[in-house]
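Open the model in your viewer and keep the selection tool at hand. The stops below go one selection at a time.

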Amino acid sequence: MLPLAFVLMMTPLVSKAQEGTVTLEFQNAATALELVQSYVKALHSGDVSKMDAQLAPNVMVYGLGGGMDSLNRTQHKEYFTNSINQYKHSISEELYLPVKVTNNWNEGEWVLSWGTNTLTHKTTGKIIEVPYHTAARVVNGKIEFLRYWYDVLNILETQGYTVTPPAN
């Protein structure tokens, strides 16, 4: 009886969560996809100005630098100028998925992307492979919101850091 009561209590929450709609085919899907691919290709070729040109003036970028920090457009440009001065970025294993979300908190036209960013230090030649995922919301032909997720532990271990479990 108790499991049935739990299911009945949760039904309104589940129904509420399913009100949003995700569509894979929408009018701006191809242009949104091209925009995000252009951003990634610019990173691959080391062209920060071209990356910057894909961004809306009010863009917010989250997840770079290994933290939950946020960057505005100017800070994003500075971040990647510094990175490209130190590393050659080589993007591979790319996969893109344009989606449109309606009637939900994350409403908008999005492009989700996955791949591997292989960083080669320009001075030492040391290589770091970084699997990544991004979610970019496209508004009026520009990236207005960009969220990065990547393997931070992999980067730290490549730099010589170790993870030590607690003694107890």
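Select Val22 and Val101 to begin. Val22 stands opposite Val101, a residue of strand S4. This is a predicted model. Now widen the selection to residues 21–23 and 87–102. These are strands S1 and S4, paired in the antiparallel sense over 3 bridges.

**The S4–S5 hairpin**

Stay on S4 and add residues 108–121, which are strand S5. S4 and S5 run antiparallel, joined by 13 bridges. For a landmark, pick Tyr87: His121 of S5 stands opposite. Next, go to the turn. The two strands form a hairpin with 5 residues between them.

**Two asparagines with positive phi**

Select Asn103, in the loop between S4 and S5. Its phi is near 55°, a positive value in a residue other than glycine. Most residues other than glycine have a negative phi. Is Asn103 buried, partly exposed or exposed? Its relative accessible area is 48%, so Asn103 falls in the partly exposed class, under the 50% mark for exposed.

Jump to Asn140. You are in the loop between strand S6 (127–139) and strand S7 (142–150). Asn140 is not a glycine either, yet its phi is positive, about 50°. Asn140 has a relative accessible area of 78%, so this residue counts as exposed, which means over 50%.

**Helix H2**

Select residues 29–45, which form helix H2. Put a distance between the end C-alpha atoms: they are 24 Å apart. Why does that fit? At 1.5 Å a residue, the 17 residues of H2 should span 24 Å, so the two values agree.

Colour H2 by burial next. Ala29, Ala32, Leu35, Val36, Ser38, Tyr39, Val40, Ala42 and Leu43 are buried. Step just past the helix to Gly46, where phi is positive, about 75°.

**The nonpolar core**

Which residues touch the most other members of the largest nonpolar core? Select Val36, Tyr39, Val61, Phe80, Ile143, Leu146 and Tyr148; the core holds 31 residues, and these seven are the answer. Then colour the elements that give two or more residues to this core: H2, helix H3 (48–53), strand S2 (55–62), helix H4 (73–86), S4, S5, S6 and S7. H2 gives the most, with 7 residues.

Centre on Tyr148 and show its contacts. Beyond neighbours within four places in sequence, Tyr148 is in contact with Tyr39, Val61, Tyr62, Gly63, Leu64, Phe80, His133 and Thr134.

**Zoom out**

Show the whole protein as a cartoon. How many helices and strands are there? The protein has 5 helices and 7 strands. Follow the chain along the sequence and the pattern reads α-β-α-α-β-β-α-β-β-β-β-α.

Now look at the contacts. Among those with a separation of 6 or more, residues 24 or more positions apart account for 55%. Switch to burial: of the 168 residues, 34% count as buried. Turn on the surface. The accessible surface comes to about 10500 Å², and carbon and sulfur atoms hold 58% of that.

**Last stop: confidence**

Colour by pLDDT. The mean is 88, and 88% of residues reach 70 or more. Finish by selecting residues 1–17, where pLDDT is below 50. Beyond near neighbours in sequence, this stretch has 0 contacts in the model.

Notes. Residues are numbered from 1 along each chain as its sequence is written. This is a predicted model: local features need pLDDT of at least 70, side-chain atom pairs count only at pLDDT 80 or more; totals for chains, interfaces and linings use all residues. Side-chain values use heavy atoms; hydrogens and water are left out. Two strands pair if DSSP finds at least two bridges between them. Helices (H or I, at least four residues) and strands (E, at least two) are DSSP runs, numbered from the N terminus. Buried means under 20% relative accessible area, exposed over 50%, partly exposed in between (1.4 Å probe, protein chains only). A nonpolar core is a set of buried Ala, Val, Leu, Ile, Met, Phe, Trp, Tyr and Cys residues joined through side-chain atoms within 4.5 Å. Contact means heavy atoms within 4.5 Å. The expected span of a helix is 1.5 Å times one less than its number of residues. Accessible areas come from the Shrake-Rupley method with a 1.4 Å probe; for residues, only the protein chains shown count as cover. pLDDT is the predictor's confidence in each residue, from 0 to 100.
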